[in-house]
Structure formats: structure tokens, C-alpha cells
Amino acid sequence: MRRDIPPLAEVRRITQKKRDAWWTVLLVDPVATPLVRFTARYTRITPNQITWGAFLLGLGSAACFAFGDWKWLALGAVIYHLSFILDCMDGKVARLTGQGSVFGAWLDFVFDRIRVMVCGVALMGGQYERTGDTLYIWLALAVVALDTLRYINSLEIFKIRHTMRKQIKARMRAARRAQNEAELAFMEDLLRDNPSADIEQDLQRAAGEEPYDPQAPHDPQAPEDAGADGEAAPVARKPQVIDLHQEFRRKFPAYLRARSFLLRHRIRAHLVSGIEFQMGVFMIGPLFDVVMPATIVSGALLLVFELAIIYKLLLSTRDFTRTIDSFEERKTPVAV
């Protein structure tokens, strides 16, 4: 038994993500986190072994789905959810015990994709065998395609956002070297610690007060704090906040309040992600014997939210262009 494993409250702080899918926050973490603490404290099970366990349970779920009968569908749905709980546990155990590895992350990703593909084919194949409806064949292809699409989309959006942030940081470093400017912060980073940060910025603008801009020249008449030696010391300057989602929130003001509420409860605003899609197809559909409608509705909702993310990215690129242009406008001409 390991005695260095902290109490459950500390385990939650260490292992649970600051933002996660609502299905995970409400239906998985309350079960998975205590199991993570128990596993880390009383067993020698490694994260990779848990990943293998989740994968094998997923294959067992697929075998149940293939029979097509409702009792087997219900059993497959329960097994699939157990598989998903284990799938959430491997990363938590890795964070808690420091046993994470690059290979483990790869294994988890690959097994997840294989599990969805095998379960999707087995579920729709079983229903086709039971009903003879060829639509289930198309649904099998749709499940695999949508799961692949969301991962490709997520990866590419991450790469684009990383590139934009990298370019802005490079411009800011160049400006600091030239003008000794303040540090730089991104709104999405601040939101991890303060979900209302974006609302506060917008309310500040609405009140006619511009958020602090460290690019503005320092006012020598500004009040100063007294230093330890009794002499006046400059007030510490705040980092400049670069907001690459400003246009999106301006177009959809109701999104601000909803997003802030969700983030305070650790729920990300992407309400129908791949997790909810999987649960709709492999849990709700089989459990209530409504495989076809549950798959169609889950797929449609996933597409809607993916398109919303793409639209948000489009608006973000416009904010990025304006930010880059602002650096060019603020360059001081060199006197000849």
C-alpha cells in the first residue's frame, strides 16, 4: 500500500481536468476519481494496463452489440460505459502517480479509435442482421467517419491556434526588445483560472473603460507606490491580454454568460463533443433500443457543434489579423 497518495479532495484537484465534457464531469468523474485513488494506493496497476483493460472491455461491448437482441444491446451499453470509465482512469492514474508516458498517450489514442470503429461496425451490423435495413450499413460508415472527422478537426484547429499564438508572442517579444514592453497573456489562458475574465473585459468596454493596454506609453504623472527605501516605485504593469475570440463573443453575447456558468462547473462549452456522441450511439441507443434515431440525432448534434467551432475559428483568425496589424500600426517611425 502506498502511503503517499493524498486524500480524495486532493486527488480530485490533481487528476480532474479544469474543463471537461459534461458527461465526464457528471457521470464519470464521481465514479472514476475514487477508483483512481484506490487503484493508486492499494494496487500496482499501471496506466497502460488500465488502457488495455478499457480496450478489452470495448471489444466485449462490441461482441454484445453484434448479437442485435435488446438484452445483448443493453449489456453492451453497460460494458461500454465501464470501458469508458477505465479509459478516463488511465490518464488520472498517470497524473497522480507520475507514471505518464508518450507511448501511453499514443496507446490510449489508438485504442480509442479502434474501439469506436469496432463497436460502430458491430452495433450497426447486428441491427442490419436483425432488421435487414441497409441504412444501418450507412450508419456504421457515418459513425467511423464522424469520429475521424472530429479528431482531425480538433488537431488542425489546435495547430492553427498554436501558430497564431506563436506569431503574436514573437511580435510582442520584438516590441519588448524595442520598447521594453510588458508581458503578454492570452484570454483563453486566463479563463482557466477565472472563467469570468472575458465577461469582465467586455463589461469594462461597455462602461467606456478600455482594458489596460501595455502598448500605451507610460504616463510619468501616473501615481506611484513607495518603495522599500522610501522612494517612489513604478506601479507594476499588468500583462497585455490578447483576445482571439472577441468577435465571436460580440456576435453572440448570450454565449458569455452560458460559458462562464459552465466553466465554473468544469463543463466546457462544446456540449456535444466526441464523448457525448459516443454515449449517444453506444449507450443511449442500445440501452433504450433506439439505435437508429439515437445515432442520427447524436451525429447531427456533433456536426452542429463542430461547425460552430469552425465558425469560431474563422472569427478568431480575423481577431488574429487585427492583432498583427495593430503591432504594425504601433511601430514608431525611425527619425532620419
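This passage describes the nonpolar cores of a predicted model and the packing of two of its helices, α4 and α11. Local features were taken at pLDDT of at least 70 and side-chain atom pairs at pLDDT 80 or more, while totals for chains, interfaces and linings use all residues. Residues are numbered from 1 along each chain as its sequence is written, and side-chain values use heavy atoms, without hydrogens and water.

The largest nonpolar core (buried Ala, Val, Leu, Ile, Met, Phe, Trp, Tyr and Cys residues joined through side-chain atoms within 4.5 Å; buried is under 20% relative accessible area, with a 1.4 Å probe and protein chains only) holds 40 residues. Within this core, L123, M124 and F282 touch the most other members. At least two residues each come from α2 (22–42), α3 (47–67), α4 (70–97), α5 (102–131), α6 (135–179), α11 (274–287) and α12 (291–329), the helices being DSSP runs of H or I of at least four residues, numbered from the N terminus. The largest contribution, nine residues, is that of α4. Beyond its neighbours within four places in sequence, M124 is in contact (heavy atoms within 4.5 Å) with Y136, L139, A140, V143, V281, V291 and T295. A second, separate core has 10 residues, among them M164, M172, L244 and F320.

The axes of α4 and α11, lines fitted to C-alpha atoms over the stretch in contact, with angles from 0 to 180 degrees between N-to-C directions, come within 7 Å and cross at roughly 150°. The two helices are therefore roughly antiparallel, a term for angles over 145 degrees. Residues making the contact include W70, Y80 and F84 of α4 and I275, F282 and L287 of α11.

Note on methods: Buried means under 20% relative accessible area, exposed over 50%, partly exposed in between (1.4 Å probe, protein chains only). Angles under 35 degrees count as roughly parallel, over 145 as roughly antiparallel, 65 to 115 as roughly perpendicular and the rest as oblique.
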